[in-house]
Amino acid sequence: MGLFDWFTKKSDAASTGTKTTAPVATAASPATDRSVPAAAETETAAAELDGTWTIDPSHSSLGFVARHAMVTNVRGTFDEFEGSGVVDTDDLSASHATVVMQAASINTGAADRDAHLRSADFFDVETYPEVRYSTTSVERVDEETFRLDGELTIKDVTRPLSVELTSTGLAKDPFGNLRAGFEGETSINRKDWGLTWNAALETGGVLVGEKIKLVLDVSAIKSV
């Protein structure tokens, strides 16, 4: 069962609105057998989701993909970040999350390129050390997917950004931590956040694409 199946899951008997009488001297019908475990599972899932969650950076990735020289993709991550959120299953409007990335931790696997990205041409990390995202609302899309609307701040520019996160599981790890997994993707135009540097190519086009894909793979630990 997905993390948020409890929103819609009902016992067979409740959903059909019918009453079945079992034959004499036979076991209870399958629908009756399932109704009690389903209710218990629903209550357990809701109780497990409510509370405060903290991102585990060592098992999460906040990445991006940018087009380079019009012909290939360059992938990178922010290696230092922290984040937390609150889930209220009775009132999703009370749920919220914040993630803060250290701009200087940007990593594309090439030292010269990373140094350029940290410079005033791009993130200007000495002046603006943090990249921040904070939600303004959380809505349910379907049983597995949630839409987060929020604000992304890069340098001195704050603009709205929405992303859909899909549940990838809920489990206890060997150390007793309750973990929830989520993954999602969205795209932005970097120029909207003041990241405008570019260089023209002799063959036409530009060195760095304007459209940046953000790729999120998050493991969060329940703390309260």
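**Close-up views of a predicted model**

**View 1. Arg 159 lies over the face of Trp 193, at 5.8 Å from the ring centre.** A charge counts as sitting over a ring if NZ of Lys or CZ of Arg is within 6 Å of the ring centre and within 35 degrees of the ring normal. This is a predicted model, in which local features need pLDDT of at least 70 and side-chain atom pairs count only at pLDDT 80 or more, while totals for chains, interfaces and linings use all residues. Residues are numbered from 1 along each chain as its sequence is written, and side-chain values use heavy atoms, with hydrogens and water left out.

**View 2. Phe 64, Phe 78 and Phe 123 form one aromatic cluster.** The structure holds 3 aromatic pairs, where rings of Phe, Tyr and Trp (its six-membered ring) pair if their centres lie within 6.5 Å, and planes under 30 degrees apart count as stacked, over 60 as edge-to-face and the rest as tilted. The pair of Phe 64 and Phe 78 is tilted, because the ring centres are 5.9 Å apart and the planes stand at 55°. Phe 64 belongs to strand β2 (residues 61-68) and Phe 78 to strand β3, so that this pair links distant parts of the chain, 14 residues apart; strands (E, at least two residues) and helices (H or I, at least four) are DSSP runs, numbered from the N terminus. The rings of Phe 78 and Phe 123, with centres 5.8 Å apart and planes at 85°, make an edge-to-face pair. Since Phe 123 is in the loop between α3 (111-118) and β7 (130-140), this second pair ties together parts that are 45 residues apart in sequence. Both Phe 64 and Phe 78 are buried, and Phe 123 is buried as well (under 20% relative accessible area; exposed is over 50% and partly exposed in between, with a 1.4 Å probe and protein chains only).

**View 3. Asp 79, in the loop between β3 (72-78) and β4 (81-87), has side-chain polar contacts with Thr 77 and Asn 107.** The contact with Thr 77 is 2.7 Å and that with Asn 107 is 2.9 Å; a polar contact is a pair of N or O atoms within 3.5 Å, where within protein one must be able to donate a hydrogen and the other to accept it, and residues adjacent in sequence count only if both atoms are side-chain atoms. Asp 79 is partly exposed, with a relative accessible area of 44%.

**View 4. Ser 105 is found in the loop between β5 (96-102) and β6 (106-107).** Ser 105 counts as buried, at 8% relative accessibility, and a polar atom of its side chain lies 2.7 Å from the backbone oxygen of Gln 102.
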